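Visitor: I'd like a close look at just one part of this model: the place where the two chains meet. Could you walk me through it?

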Amino acid sequence: MMHHLTDETLQDYASGVLNSSMETLIACHLTVCPVCRRNAILAEAIGGLSFNDNPAAEMKATASDILAMDKTVPEAHPSSLQHVSQPAISQPGVPRPLARLLPTTLDDLPWKSFGPGLKQYNLGSQPRKEGAFKLLSLDPGSKMSKHKHKHRELTYIISGSYSDDIGHFKAGDIADLSAEHHHSPHVDSDVPCISLIATDAPVQFDSLFGKIVQPFVGI
Amino acid sequence: MDAPLLQKAEGPSEATQALNQRMRDNLVAIGKNRDEQAFSDFYNHFAGRVKSFLIGKGLTEAVADELSQEIMLIVWRRAESYNPDKAAASTWLFTIARNRRIDYLRSNARIEVDLDDEMLEVDEDDHMTHEAQVDLTQQSVRLEQALLKLPQEQRQVMHLSFFRGKSHGAIAQWLDLPIGTVKSRIRLAMQSIRTEIMTAESE
Ligand SMILES: [Zn+2]
């Protein structure tokens, strides 16, 4: 069974209120999951209908003004083209929204070790208070200390698998965790479990070990 | 604090369906023939609504006005890319407005699925079956019906999400409700909408 995005996360994605790290991670799962993709399209359709809900505000311009603008205003370069500038390196298990952010293959990334069998690669340049955005690679058998989240944590599994008290998560799955969850995932695949993680606030660890590790892991 | 989706006394009428159809035809006519009349009709219906959508999401009146004009210019220039078999006109416009707002607010664009991705997993429902494709305007009427049937408290969270630009966490704060309550309202709402649409399709 596949682990999907929750309705409330899909709705936040459809209405455009998430940061770009969360969007990237969600787009990875949507690439491999037609079920969630359909639900996202449904949420957009609801968004479209919501236009009819509010009274129209008065516009300063008329339709003919816009047609006149067409002749004078140059075609904007949509910023959507900017982040495509880095060609995506095609590699197994990495959907394009993530591949575009990687300078090289997963194997060649300058991973930083933060414990035996644990390494990470930081993708986020955003301030830490807005949350983390990183790749984690955990060797078979490793276990994260029990921690909970102040807000929301999304995990997209790229390869390998892990289990926690919620279930078994494998490549393509998403773990959509909210503040209530405490979890301590352990890797149960015979290859490293590589995952993409985005949070919208720092994680709080329960144990002393967790507290010490936290500044290094940064999640 | 009540601002439900589609607060209409009567249900979605033939008039709504006719409007959906007309807006869709307008987009097609703009895309195919650069039809200025069609653009004018589309603009007069939607521009002010896009503007109030942007104001509802927290932009100032002046910025909302300017962005709405830009969004309408995008409509005029990109109408060719509108596929009437894939989305209602309002859905297409919604995604443009949402993405333009994101562009305005931050330096990188919205991130979406790349439909050319080798990893793209397609299933049969993706290329909608012919019956489903036949009438998208019909489908949006069903969707409207499903929304109207929602209990007030569920419509309220849907409305806040789309119109006030709030994440479900912020909605919980705004309404002074536990976050779990907001989540379950969203889930219940989406569940009944899906059920409603599927039932209507199999009839
Ligand atoms: Zn899914």
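**Where chain A meets chain B**

Guide: Let's start with one pair: A:Glu44 and B:Arg98 form a salt bridge through their side chains, at 2.9 Å from N to O. Since A:Glu44 sits in helix α3 of chain A and B:Arg98 in helix α4 (residues 89-105) of chain B, the pair joins two chains. Keep in mind that this is a predicted model, so read each distance as a property of the prediction.

Another pair to pull up is B:Asp114 with A:Arg100, a salt bridge whose closest N and O atoms are 2.8 Å apart. As a general point, side chains of opposite charge can pair when their charged atoms come close. Across the interface of chain A and chain B, the rule picks out 10 salt bridges, while the structure holds 19 over all chains. Then there are the polar contacts: 32 residue pairs across the interface of chain A and chain B, with both residues at pLDDT 80 or more.

Which elements of chain A are involved? Those giving two or more residues to the side that touches chain B are α1 (7-15), α2 (20-32), α3 (34-49), α4 (63-72) and α5 (96-99). Of these, α3(A) gives the most, with 12 residues, and α3 of chain A is also where A:Glu44 from our opening pair lies. By residue type, the side of chain A that touches chain B splits into 32 nonpolar, 22 polar and 16 charged residues.

Now zoom out to the whole contact. Chain A puts in 70 residues and chain B 79 residues. The area buried between chain A and chain B comes to about 6,700 Å², with carbon and sulfur atoms giving 56% of it. Within chain A, the residues that lose the most area to chain B are A:Gln11, A:Leu49 and A:Phe51, together 11% of what that side buries.

One stop on the chain A side before you go: the zinc ion. Its protein donors are A:His4 (ND1), A:His29 (NE2), A:Cys33 (SG) and A:Cys36 (SG), at 2.1 to 2.3 Å from the ion. The site of the zinc ion is tetrahedral, with angles of 94 to 127° among its 4 donor atoms. Two of the donors link distant parts of the chain: A:His4 is in the segment before α1 of chain A and A:His29 is in helix α2 of chain A, 25 residues apart.

Note on methods: Residues numbered from 1 in each chain as written. Chains lettered and ligands numbered in written order. Heavy atoms only, no water. Contact = heavy atoms within 4.5 Å. Buried area = accessible area lost by both parts, 1.4 Å probe. Salt bridge = Lys/Arg side-chain N within 4 Å of Asp/Glu carboxyl O. Polar contact = N/O pair within 3.5 Å; in protein donor to acceptor, adjacent residues only side chain to side chain. Helix = DSSP H or I, 4+ residues; strand = E, 2+ residues; numbered from the N terminus. Nonpolar A, V, L, I, M, F, W, Y, C, P; charged D, E, K, R; others polar. Donors = N, O, S within 2.8 Å, 3.2 Å for Na, K, Ca; no water. Tetrahedral: all angles 85-135°; square planar, octahedral: opposite > 155°, others 65-115°.
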